[in-house]
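Reader: I would like to go through the labels given to some residues here and see what each one rests on.

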Amino acid sequence: MKCLKFLCMNEDGIEIPDDIEKFIYDIFEIYDIRALVGKSNAVRFEIRPNEGKHYNPHVHASFAEYKISIDINTLEYKGNLPSNKKKKAIEWVKNNRDKLLHEWNDIVITKNLPLTQSKLND
């Protein structure tokens with residue numbers, strides 16, 4: 001869960017614990033826009049446009065406590081998955097590139113519509 005800086009950091013820049021952050025999200029009903037776009041070989045694939053500035057279309061892949069971000073166009077990745085899962089995840093993104101780019105565009109457009117755009121994330 002990504003924290004809103006002004007709500008979840010004190011004046012010293014120290015992050016607030018996860019349970020407090022969850023409480024803030026629950027009370028103020030702050031939701032991340034994210035979409036599960038696939039699952040393969042026990043790896044989940046999500047698009048999460050609310051996490052920072054997203055300029056390049058990419059997908060987040062996760063397996064247990066491991067996470068990786070894969071650029072949809074270049075297949076470059078950041079993060080850590082077990083090597084067999086990473087290879088399968090990159091292959092899955094490559095084979096589903098058109099669908100993922102379509103999903104990315106739909107989600108990013110929805111995120112930026114006036115009715116769904118949150119001023120809290122600016």
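Reader: Leaving aside neighbours within four places in sequence, which residues is K85 in contact with?

Author: In this predicted model, K85 is in contact with N41, A42, V43 and F63. K85 itself belongs to helix α3, residues 83–95, while N41 and A42 lie in the loop between β1 and β2.

Reader: What makes N41 and A42 partly exposed?

Author: Partly exposed covers values between 20% and 50% relative accessible area. N41 has 38% and A42 has 45%, so both get that label. Each also has a positive phi without being a glycine: near 55° for N41 and about 70° for A42.

Reader: How do you know that K85 has no salt bridge?

Author: A salt bridge needs a side-chain nitrogen of Lys or Arg within 4 Å of a carboxyl oxygen of Asp or Glu. For the buried K85, the nearest side chain of opposite charge is E65, 12 Å away, so no salt bridge is counted.

Reader: Where does the charged end of K85 sit?

Author: The charged end of K85 is over the ring of F63, 4.5 Å from the ring centre; the distance limit for this label is 6 Å.

Reader: Why is the pair of F45 and W92 called stacked?

Author: The search of the whole structure finds one aromatic pair. F45 and W92 form that pair, with 4.0 Å centre to centre and 15° between the planes. Centres within 6.5 Å make a pair and planes under 30 degrees apart count as stacked, so the label follows. F45 lies in strand β2 and W92 in helix α3, so the pair ties together parts 47 residues apart in sequence.

Reader: Why do F45 and W92 count as buried?

Author: Buried means under 20% relative accessible area. F45 is at 0% and W92 at 13%, so both count as buried.

Methods. Residues numbered from 1 in each chain as written. Predicted model: local features only at pLDDT ≥ 70, side-chain atom pairs only at ≥ 80, totals over all residues. Heavy atoms only, no water. Helix = DSSP H or I, 4+ residues; strand = E, 2+ residues; numbered from the N terminus. Buried < 20%, exposed > 50% of the residue type's maximum accessible area, 1.4 Å probe, protein only. Lys, Arg positive; Asp, Glu negative; His and termini not counted. Contact = heavy atoms within 4.5 Å. Phe/Tyr/Trp six-rings, centres within 6.5 Å; stacked < 30°, edge-to-face > 60°. Lys NZ or Arg CZ within 6 Å of the ring centre and 35° of its normal.
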